[in-house]
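Reader: I am new to reading protein structures. Could we go through this one together, one part at a time?
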Number of protein chains: 4
Amino acid sequence: MIAVKDSVHDHIEIDGIGADLIDTPALQRLRRISQMGTVTYVYPSANHTRFEHSLGVYHIASQAVEKLDINGRTAETIRAAALLHDVGHGPYSHNTEAVIHRHTGRYHDEVLDLLETGAIAGILQEHGIEPTAVAELIRGDGRYGQLISGELDVDRMDYLVRDAHHTGVPYGTIDHERFVRELRYVDGELVLAPGNVQTAESLLLARALMNRAVYNHPTARISRAMLARAAERLIETGAIDGTGLRRMDDHDLLVTLRSNQATQHIADRLDSRSLFKRAVWAELDDAPDELLASEFDDRAALETEIAEAAGVDPAAVILDVPPSPSMAESTSRVVVNGEIRPLSSQSALVRALLTAQRDRWRFGVYTPEESTIAVGKATERVLGLDIDHLVTDDHWGRPATLSEFTEVGDS
Amino acid sequence: MIAVKDSVHDHIEIDGIGADLIDTPALQRLRRISQMGTVTYVYPSANHTRFEHSLGVYHIASQAVEKLDINGRTAETIRAAALLHDVGHGPYSHNTEAVIHRHTGRYHDEVLDLLETGAIAGILQEHGIEPTAVAELIRGDGRYGQLISGELDVDRMDYLVRDAHHTGVPYGTIDHERFVRELRYVDGELVLAPGNVQTAESLLLARALMNRAVYNHPTARISRAMLARAAERLIETGAIDGTGLRRMDDHDLLVTLRSNQATQHIADRLDSRSLFKRAVWAELDDAPDELLASEFDDRAALETEIAEAAGVDPAAVILDVPPSPSMAESTSRVVVNGEIRPLSSQSALVRALLTAQRDRWRFGVYTPEESTIAVGKATERVLGLDIDHLVTDDHWGRPATLSEFTEVGDS
Amino acid sequence: MIAVKDSVHDHIEIDGIGADLIDTPALQRLRRISQMGTVTYVYPSANHTRFEHSLGVYHIASQAVEKLDINGRTAETIRAAALLHDVGHGPYSHNTEAVIHRHTGRYHDEVLDLLETGAIAGILQEHGIEPTAVAELIRGDGRYGQLISGELDVDRMDYLVRDAHHTGVPYGTIDHERFVRELRYVDGELVLAPGNVQTAESLLLARALMNRAVYNHPTARISRAMLARAAERLIETGAIDGTGLRRMDDHDLLVTLRSNQATQHIADRLDSRSLFKRAVWAELDDAPDELLASEFDDRAALETEIAEAAGVDPAAVILDVPPSPSMAESTSRVVVNGEIRPLSSQSALVRALLTAQRDRWRFGVYTPEESTIAVGKATERVLGLDIDHLVTDDHWGRPATLSEFTEVGDS
Amino acid sequence: MIAVKDSVHDHIEIDGIGADLIDTPALQRLRRISQMGTVTYVYPSANHTRFEHSLGVYHIASQAVEKLDINGRTAETIRAAALLHDVGHGPYSHNTEAVIHRHTGRYHDEVLDLLETGAIAGILQEHGIEPTAVAELIRGDGRYGQLISGELDVDRMDYLVRDAHHTGVPYGTIDHERFVRELRYVDGELVLAPGNVQTAESLLLARALMNRAVYNHPTARISRAMLARAAERLIETGAIDGTGLRRMDDHDLLVTLRSNQATQHIADRLDSRSLFKRAVWAELDDAPDELLASEFDDRAALETEIAEAAGVDPAAVILDVPPSPSMAESTSRVVVNGEIRPLSSQSALVRALLTAQRDRWRFGVYTPEESTIAVGKATERVLGLDIDHLVTDDHWGRPATLSEFTEVGDS
């Protein structure tokens with residue numbers, strides 16, 4: 001048995017398959033994948049890694065498995081999936097995920113190939129566990145997949161608390177012990193025991209507040225977009241391919257960006273935190289339908305068009321359009337009056353979160369500070385926006401257009 | 001200058017009028033007034049007092065005054081009001097407030113009489129501060145009253161964090177430093193600086209979550225109702241009057257309840273945590289209009305009627321009807337696009353809180369465990385309720401009627 | 001199973017005999033016994049109670065029992081002892097312990113009489129557990145007694161962390177999870193596993209630092225001495241006897257002190273924090289041998305003599321002489337090279353703690369502020385001290401003689 | 001004014017020269033220098049950086065400057081020095097310091113060259129501050145140098161608390177607010193105000209406990225020695241020089257180690273945490289005098305000799321000999337009876353720390369696991385040690401020779 005001291009859960013005990021997996025290269029690599037990528041530009045204390053998060057998820061999964069009275073190989077499979085659930089992440093975690101997906105067809109939770117080779121494959125075999133069984137759980141499939149990746153999964157029970165601990169932002173501090181205590185399987189579905197509407201609400205609220213203050217802070221979005229752009233360029237130059245990118249760690253990627261002529265200028269900016277600024281920051285209602293419907297190539301074309309209209313280098317314009325806020329985060333199930341019901345049907349608060357998510361949605365156009373005015377006006381023309389309308393305070397309290405942050409951090 | 005070590009704010013520095021007021025009997029008495037009254041029956045660690053809370057409020061007020069650049073006598077008056085804002089509380093704080101108000105006409109924030117006499121009066125005079133000026137701030141009146149008692153007051157910035165620290169429930173952990181930093185006066189109104197819709201939301205959400213999990217936990221409500229009933233009985237027996245009750249501390253009241261024949265049985269129950277149980281726990285839609293409109297005397301008559309119908313002692317039936325959930329908690333003001341707007345107009349989440357508050361409203365009828373069925377049925381007849389309808393899971397996950405908790409605590 | 005939310009350990013699960021014992025009057029009474037007595041005069045946040053501490057000790061004992069693989073009735077007996085270990089405390093815990101011992105012959109850990117009667121007796125019997133077995137563990141006797149009351153007991157693993165949490169003083173924050181993990185029985189002795197010299201040291205250091213900054217802070221000692229004096233006077237007046245005092249709670253004692261003519265003046269002082277001040281605060285080398293050897297009656301006589309010499313009321317002089325610092329706190333056993341050794345033999349730090357304890361020892365004479373000079377001089381004459389020698393800075397940075405604190409708190 | 005959210009100090013406000021310096025490349029580089037280097041192999045949550053630490057030191061320095069009533073340019077110089085105090089660190093902070101010193105003659109606090117060039121030079125000039133003045137403070141010279149680098153410096157007030165926060169080890173949790181409050185200048189010397197012997201002790205104790213449990217944990221020492229060895233090899237191959245190494249960040253160094261044939265095998269081991277193990281782990285009394293007196297070249301020769309005797313590659317033997325424990329850590333000054341005295345003269349505990357430091361001193365010989373026995377025996381012969389004597393439990397509870405940890409972490 002191994003005992004690891006963790007800043008969030010104190011001692012984490014690891015044994016069985018966990019103890020064997022811990023020293024595999026695929027897992028040790030996560031020591032060099034930052035959990036939050038460029039969020040550290042906003043919250044400088046947020047330097048934690050996917051490795052410590054994986055240990056935390058393993059820890060909560062072990063507790064959940066015990067509370068739910070799951071035993072034997074099923075339990076070992078769940079614990080293995082918990083520990084391995086993030087081995088598919090590329091450098092800077094989610095920051096490069098879209099790029100990798102475009103070039104490999106794989107999201108971070110599609111990891112069967114990584115489980116079927118190398119040290120992990122051997123260990124799974126020794127324990128009589130099929131890689132496919134683990135990969136399915138990591139994808140969120142099946143009865144127990146909900147526990148690893150679902151609305152009530154052990155993943156977010158760890159990351160909300162851990163991200164709060166490391167950023168200093170209190171909103172993520174959920175009562176994770178209560179969640180684990182209240183999990184139940186009813187008719188094959190993972191739900192919270194009766195009397196936990198508020199418990200479920202608190203999880204969604206924590207996530208919504210953390211989304212805005214942390215994960216989607218404008219500065220985090222800008223730097224993330226710059227990093228993704230640079231990674232894309234790297235692939236375009238042929239220096240690496242998507243599969244290579246997927247297996248890099250933060251160190252590899254950053255040093256490679258510095259050494260490649262096509263990406264050096266972005267690496268310089270990231271190194272010295274000379275980030276692009278917002279030329280446009282606009283609400284959902286201002287976003288033309290074709291923009292919302294656009295795909296990667298369309299957006300690249302728009303960037304070029306805006307750059308030309310503004311008389312700047314195409315490399316100096318980044319268009320950042322998040323997915324439409326249509327995906328409900330409210331499919332958690334609670335038991336009320338003996339029936340399993342979707343949380344959103346029980347909670348006005350959760351329904352309001354969906355509205356709020358729409359209200360807070362923004363698309364942005366980013367460019368070096370000296371070009372913000374030109375690029376803002378060019379975007380206006382190209383996309384047919386009403387730029388005056390856009391000159392408005394955004395929810396971070398600063399003029400949303402033609403403006404910028406100088407802060408190192410801001411909550 | 002005095003420096004006090006505090007479990008929430010670390011060192012609190014007190015000087016000027018604060019240092020003089022700190023050792024007055026009226027303030028030292030708050031060491032013996034528990035902050036949360038009977039909530040400790042649910043959360044056994046919640047034994048903090050109005051004294052430490054008052055120091056915390058003074059601390060935040062001092063920071064706010066500095067940030068807002070308020071100086072001189074105005075600043076001293078605000079600091080004095082912050083330190084003194086709770087001297088009007090009776091024993092067990094809010095638990096006895098309604099009883100005291102009924103008999104003295106005073107709520108806990110009506111303290112002019114206490115400021116005009118004794119040591120406090122002398123100190124205020126020495127510092128050239130009018131008792132009326134301090135009393136007004138404590139009532140929430142005027143430009144600076146909003147800072148002491150209003151939607152964005154320093155009172156709740158302390159109590160949410162402190163109550164979270166002492167109960168162990170994380171929901172109250174707001175970012176209180178950010179609040180203080182973002183306060184502004186615009187046209188005489190205290191608002192949050194532009195870009196703080198989320199900051200404001202987080203305060204209301206924290207309060208809503210704490211309300212349900214902590215302040216209005218059913219067991220807290222039951223024990224609070226028992227304590228209030230006992231205090232009322234004490235006055236009826238002539239043992240004390242309202243004014244006397246108002247100046248007691250927790251120790252006085254508890255020992256007096258034990259020694260008075262009319263209240264001894266409740267004191268025994270409180271001492272040994274043999275609390276009444278819920279005979280009825282019903283939603284707003286089930287509450288007859290006349291019940292909602294009823295006053296103290298009407299409810300006392302109903303209690304007697306129910307007791308007779310159930311064949312139990314009138315002392316064994318307590319009817320607990322909270323105020324209608326009409327009072328908006330959403331009058332915080334935020335600045336959006338240069339205009340001061342009510343938070344509720346800007347936030348779907350805050351509007352949802354109002355709905356949620358209505359959904360969670362419950363009235364209860366409490367009685368000793370052995371009488372819950374009889375009293376439940378009697379209430380059904382007397383109030384014309386449909387008892388079957390009431391047999392439902394409540395949001396704490398337990399049958400709402402004819403049931404009970406055995407837990408010491410529950411979040 | 002009962003789950004209680006605790007501010008230190010988060011959720012505490014209680015079942016078996018624990019769940020039955022929790023609602024007994026003897027245990028519920030501990031809700032009204034403050035853990036630290038008058039320490040709250042120094043650290044105003046320190047209002048926690050013996051009840052929450054008892055739950056914490058139960059929690060750690062449950063973990064220890066599991067780690068040590070102790071099962072069945074033995075385990076239940078240990079858990080019962082952990083939960084009940086403080087039921088023998090009088091009001092304000094240790095503050096009244098010497099008074100109670102003088103009049104009843106019982107220290108707080110001598111509780112057999114309390115286990116053989118009332119609700120507790122019945123519950124023990126139902127579970128087939130002998131009251132004597134529980135009482136022995138609470139006394140620290142036998143193989144498992146070391147776990148409840150010994151150098152490595154679960155009692156201090158809880159109180160150090162809990163007292164740190166509530167005072168805000170960080171020194172007590174030991175790594176309690178590590179302690180529980182490293183406990184072993186070797187040849188019937190409870191020891192720490194090999195490699196834990198530092199773990200053991202950290203416990204003693206934490207205790208030493210907390211002793212000075214918290215438990216024996218001069219203001220805490222003064223107020224404690226005043227409370228003990230008042231309790232003694234109460235018994236002398238015949239208002240209560242030692243057995244009665246032992247069963248009071250804080251509320252009872254305080255209200256009784258207020259209502260008794262002989263003690264009212266001390267109650268007034270405690271209520272308004274008008275504490276006595278130090279007239280003398282002297283080191284071990286300055287303490288006459290006969291003072292160190294004196295018993296209660298001798299000291300009472302000395303107090304009278306000093307009062308007469310100073311021309312003040314005998315009630316205005318309190319002589320506070322702590323036990324000689326001879327008791328080693330270093331009998332913890334560690335395993336080094338396969339041998340059980342006393343920690344002090346392995347640790348220069350622990351040996352230094354013994355020296356430090358001697359260096360920090362002080363006896364005090366306390367009196368109202370206006371009499372400090374007269375009483376200081378009178379003490380000089382009566383005890384034959386060299387008062388000039390005493391006018392020195394003490395380790396709290398203030399003149400040790402004829403001086404005083406005005407602070408509310410000081411760490 | 002910039003406000004940064006920090007996980008340790010909450011909001012840190014930066015203005016004046018601090019706000020100008022924050023975005024210089026030299027400071028932003030510290031985002032990619034880990035605070036604790038290889039300690040993360042023991043405590044996986046310890047991924048914090050020199051950047052966040054520098055902000056924390058700036059924060060405490062600002063508080064100290066205010067408390068000490070230091071103003072104007074002196075204050076700005078101190079704040080600048082606090083923010084810049086770590087810009088001289090090489091990759092992985094102290095881990096590469098000896099290598100860099102050997103090749104450049106500079107320790108991490110010798111930074112004048114870095115202050116006289118680039119963006120920093122310009123900013124200092126704008127503020128009318130001499131680079132030499134800042135560099136002197138960083139070296140610990142002069143009246144105010146003690147504040148930046150001395151026994152009571154703001155550096156350790158931040159790092160002890162921050163390292164505790166991120167490792168999860170509680171020992172470093174000092175009362176840093178109290179330190180800042182109690183600092184005084186007496187006769188040009190920085191001391192703690194009277195009454196702070198214990199405060200000073202607590203700092204040294206915290207550091208001693210953190211040293212053993214964290215900074216000098218055997219696994220941290222082994223991985224640190226491996227990293228230093230690899231960096232040395234890199235310079236030997238001519239791939240970089242000392243000056244180049246000094247300006248790398250963690251990412252640069254790690255990627256360069258991977259790509260250089262001479263260091264690839266160590267990079268592989270570090271990437272996959274296949275660390276060397278201890279072949280020898282011996283006490284001070286067992287260390288031959290010539291070993292203690294040896295310099296770098298002598299040790300390199302010994303390593304080769306041992307490798308030959310063991311029949312292994314010279315790259316597979318690392319000799320790790322810490323400096324002799326002669327440097328007192330106890331030169332803190334306290335004021336007792338109006339005199340400035342060295343803390344060690346006032347504190348038996350501090351004197352004991354010196355002894356303890358000697359007791360805990362170990363030199364190690366590290367090698368791949370499969371060679372531990374051969375290398376252990378070879379070391380025995382080469383250094384003339386008594387190997388049987390060495391086969392002993394060390395204070396981490398594991399056989400000190402021929403053994404190893406498998407744990408990810410251990411406190």
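Author: Certainly. We begin with a term that will be needed: two strands pair if DSSP finds at least two bridges between them. Please keep in mind that this is a predicted model.

Reader: Which strands of chain A pair over 4 bridges?
Author: Strand S3 (residues 183-186) and strand S4 (residues 189-192) of chain A do so, in the antiparallel sense. Within this pair, A:Arg184 stands opposite A:Val191 in S4(A).

Reader: And how many residues lie between the strands in that hairpin?
Author: The hairpin of S3(A) and S4(A) has 2 residues between the strands, and A:Asp187 takes a positive phi near 50° there. As background, most residues other than glycine have a negative phi.

Reader: Where else does a residue that is not a glycine have a positive phi?
Author: One of them is C:Asp69, with a phi of about 60°. C:Asp69 lies in the loop between H3 and helix H4 (72-84) of chain C.

Reader: Is C:Asp69 buried or exposed?
Author: C:Asp69 counts as exposed, because it has 8 C-beta neighbours inside 10 Å. The cut-off for exposed is 12 or fewer.
Another case is D:Asp10, which is not a glycine and has a positive phi of about 65°. D:Asp10 is found in strand S2 (residues 10-14) of chain D. With 17 C-beta neighbours inside 10 Å, D:Asp10 counts as partly exposed.

Reader: What about strand S5 of chain A: how many of its residues are buried?
Author: In S5(A), residues 277-283, 6 of the 7 residues are buried, so the strand is largely enclosed by the rest of the structure.

Reader: Which strand pairs with S5(A)?
Author: Strand S9 (residues 362-367) of chain A pairs with S5(A) in the antiparallel sense, over 6 bridges. To give one position, A:Arg278 has A:Tyr366 as its bridge partner in S9(A).

Reader: Let us turn to helices. Does the span of H10 in chain B agree or disagree with what it should be?
Author: It agrees. Helix H10 of chain B (residues 154-167) has 14 residues and, at 1.5 Å a residue, should span 20 Å; its end C-alpha atoms are 20 Å apart. H10(B) is also mostly covered, with 14 of its 14 residues buried. Just after H10(B), B:Gly168 takes a positive phi of about 90°.

Reader: Now the domains. How is chain A divided?
Author: The domain assignment gives domain 1 (2-215) and domain 2 (218-324 + 360-390) of chain A. Taken over C-alpha atoms, the centres of these two domains of chain A are separated by 30 Å.

Reader: How many residues of the two domains are in contact?
Author: In chain A, 22 residues of domain 1 are in contact with 24 residues of domain 2. On the side of domain 1 of chain A that touches domain 2, helix H5 (97-104) and helix H12 (197-215) each supply at least two residues. H5(A) provides the largest share of that side, 6 residues. By class, the side of domain 1 of chain A that touches domain 2 of chain A divides into 10 nonpolar, 8 polar and 4 charged residues.

Reader: Then the chains themselves. What superposes chain C on chain B?
Author: A rotation of 180° with 0.0 Å of shift along its axis does, and the RMSD is 0.0 Å. That is the relation of a two-fold axis. In chain C, the C-alpha nearest the axis is that of C:His251, at 2.3 Å from it. Both copies use the same surface, since 100% of the contact residues of chain C recur in chain B.

Reader: How many residues does the contact of chain C and chain B take from each?
Author: It takes 39 residues from chain C and 39 residues from chain B. Among the elements of chain C that give two or more residues to the side touching chain B are strand S1 (2-6), helix H3 (50-67) and helix H15 (250-259). S1(C) gives the most to that side, with 5 residues. The side of chain C that touches chain B divides into 13 nonpolar, 16 polar and 10 charged residues.

Reader: And what turn lays chain A on chain D?
Author: A turn of 180° with a shift of 0.0 Å along the axis lays chain A on chain D, with an RMSD of 0.0 Å. A:His251 has the C-alpha nearest the axis in chain A, 2.3 Å from it. Of the interface residues of chain A, 100% are also interface residues in chain D, so the copies meet through the same surface.

Methods:
Residues are numbered from 1 along each chain as its sequence is written. Chains are lettered from A and ligands numbered from 1 in the order in which they are written. This is a predicted model: local features need pLDDT of at least 70, side-chain atom pairs count only at pLDDT 80 or more; totals for chains, interfaces and linings use all residues. Copies are superposed by least squares on the C-alpha atoms of residues with pLDDT of at least 70 in both. Two residues are in contact if their C-beta atoms, placed from the backbone, lie within 7 Å. The expected span of a helix is 1.5 Å times one less than its number of residues. A residue is buried if 20 or more other C-beta atoms lie within 10 Å of its own, exposed if 12 or fewer, and partly exposed in between; C-beta atoms are placed from the backbone. Domain bounds come from an automatic or database domain assignment. Ala, Val, Leu, Ile, Met, Phe, Trp, Tyr, Cys and Pro count as nonpolar, Asp, Glu, Lys and Arg as charged, and the others, Gly among them, as polar.
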